[in-house]
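What follows is a walk through one structure, taken contact by contact and then residue by residue. Please keep the sequence and the model in view while reading.

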Amino acid sequence: MESMLTGKNILIMGVANERSIAWAIAQSLAGQGARLAFTYENERVEERVRKLAEKIPDAVILPCNVTVDEEIDSLAAALKERFGVLHGLVHSIAFAKSEELEGHYVNTSRAGFALAHDISAYSLVAVAQRMYPLMTEGGSIMTMTYLGSVRAIRNYNVMGVAKAALEASVRYLANDLGQYNIRVNGVSAGPIRTLAAKGIKDFNSILHTVEEKAPLRRGTDPAEVADTALFLMSSMSRGVTGGVIYVDSGYNIIGV
Ligand SMILES: NC(=O)c1ccc[n+]([C@@H]2O[C@H](COP(=O)([O-])OP(=O)(O)OC[C@H]3O[C@@H](n4cnc5c(N)ncnc54)[C@H](O)[C@@H]3O)[C@@H](O)[C@H]2O)c1
């Protein structure tokens, strides 16, 4: 039987190590026959990303710091040469200074606000802008978001505001790119222990609250997020665009 993603070329941005949500997604997509390209942020993480990506047959590995337009241009040129056509983009990138991820949001600095928004929200636009012309057979773009976009969550602060901008971008991009049969969606994951999560003060207490209160009474397994990404990258989700799918054991519906 043919796999769900046979013949599909998909770009994965945001693997830093084996705990990265992007790595779980990569495994799920590769398991269904996708051909993958990975990007790494800089030389500091290059070797780790290479070691992981090399486990996936035929993977392409390229540099891309999303704050540098020229690096995104070079990435698009390299993918055009290697793949010709791109079918999917997984954006799993965020950053804020750790001092902005504790205490009160009211103390956010101008520079901290700009940096968090540049890397965590604008980068989706910058990348989509250069990748959609490669999606000549239609495509699927997805990004990773979190409940802090719509609720005030302790210590999440400026990242929550950046995620709100990211989710609004998903809607605008979906509206722009739908005419080319390119879909754009977000996946809102429950808390997962990763490198990025380490930057958030008292992350463990958020994790434990979810395990205790979520309808499913457990946290989020990265493999669950990965399988939702598989759905979004496949034709199974062909009628879905501009939305945010929660993969969080149902925590987002809980009131008091
Ligand atoms: N871990 C969680 O609890 C959780 C929950 C919901 C959403 N998310 C989101 O999932 C995504 C992935 O995070 P993660 O938890 O897997 O952590 P992670 O640290 O493994 O991934 C974050 C990635 O962002 C990349 N990155 C940061 N700045 C970059 C830049 N300038 N250029 C290119 N890449 C850059 C890092 O290299 C890293 O690969 C993020 O958008 C995060 O906000 C995480």
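In this predicted model, H4 and H5 are roughly parallel to each other, because an angle under 35 degrees counts as roughly parallel and these two helices pack at an angle of about 20°, with their axes 9 Å apart. Helix H4 covers residues 110-131 and helix H5 covers residues 157-177, and H4 passes H5 in a right-handed crossing. On the side of H4, the residues that meet H5 are Gly 112, Phe 113, Ala 116, His 117, Ser 120, Ala 121, Leu 124, Val 125 and Ala 128. Their counterparts in H5 are Val 158, Met 159, Ala 162, Lys 163, Ala 165, Leu 166, Ser 169 and Leu 173. Sorted by class, the contact of H4 with H5 holds twelve nonpolar residues, four polar ones and one charged residue.

H4 also packs against helix H3, which spans residues 69-83, at an angle of about 35° and with the two axes 9 Å apart. The crossing of H3 and H4 is again a right-handed one. From H3 the contact draws on Asp 69, Ile 72, Asp 73 and Ala 76, while H4 supplies Ala 126, Val 127, Arg 130 and Met 131. The contact of H3 with H4 comprises five nonpolar and three charged residues, with no polar residue.

A further helix pair is formed by H1 and H8, whose axes come within 8 Å and cross at roughly 55°. How do H1 and H8 lie relative to each other? They are oblique to each other, because an angle of this kind falls outside the ranges for roughly parallel, roughly antiparallel and roughly perpendicular. H1 passes H8 in a right-handed crossing. The residues of H1 that take part are Ile 21, Ala 24, Ile 25, Gln 27, Ser 28 and Leu 29, and in H8 they meet Pro 222, Ala 223, Val 225, Ala 226, Asp 227, Ala 229, Leu 230 and Met 233. The residues of this contact divide into eleven nonpolar, two polar and one charged.

The next place to look is around the ligand, where there are 26 residues, of which Ala 16, Ser 20, Met 144, Thr 194 and Ala 196 come nearest. Helix H1 (21-31), strand E5 (139-145) and H6 are the elements that give two or more residues to this shell, and H6 gives the most, with three residues. By class, the shell around the ligand has 18 nonpolar residues, seven polar ones and one charged residue.

Beyond H6 (195-198), the loop that leads to helix H7 (203-213) contains Asp 202, which has a positive phi of about 60° although it is not a glycine. Is Asp 202 buried or exposed? Asp 202 is exposed, because it has 12 other C-beta atoms within 10 Å, and a residue counts as exposed with 12 or fewer. Another residue other than glycine with a positive phi, near 55°, is Arg 217, placed in the loop between H7 and helix H8 (222-233). Arg 217 is exposed as well, with 11 other C-beta atoms within 10 Å.

Finally, Arg 44 lies in helix H2, residues 43-53, and counts as exposed because it has 9 C-beta neighbours inside 10 Å. Its C-alpha atom and that of Asn 204 are separated by 26 Å, the two residues being 160 residues apart along the chain.

Notes. Residues are numbered from 1 along each chain as its sequence is written. This is a predicted model: local features need pLDDT of at least 70, side-chain atom pairs count only at pLDDT 80 or more; totals for chains, interfaces and linings use all residues. Helices (H or I, at least four residues) and strands (E, at least two) are DSSP runs, numbered from the N terminus. A residue is buried if 20 or more other C-beta atoms lie within 10 Å of its own, exposed if 12 or fewer, and partly exposed in between; C-beta atoms are placed from the backbone. A residue is near a molecule or strand if its C-beta atom, placed from the backbone, lies within 6 Å of it. Ala, Val, Leu, Ile, Met, Phe, Trp, Tyr, Cys and Pro count as nonpolar, Asp, Glu, Lys and Arg as charged, and the others, Gly among them, as polar. Axes are lines fitted to C-alpha atoms, for helices over the stretch in contact, and angles run from 0 to 180 degrees between N-to-C directions. Angles under 35 degrees count as roughly parallel, over 145 as roughly antiparallel, 65 to 115 as roughly perpendicular and the rest as oblique. A crossing is left-handed if the near helix is turned anticlockwise from the far one by less than a right angle, and right-handed if clockwise. Two residues are in contact if their C-beta atoms, placed from the backbone, lie within 7 Å.
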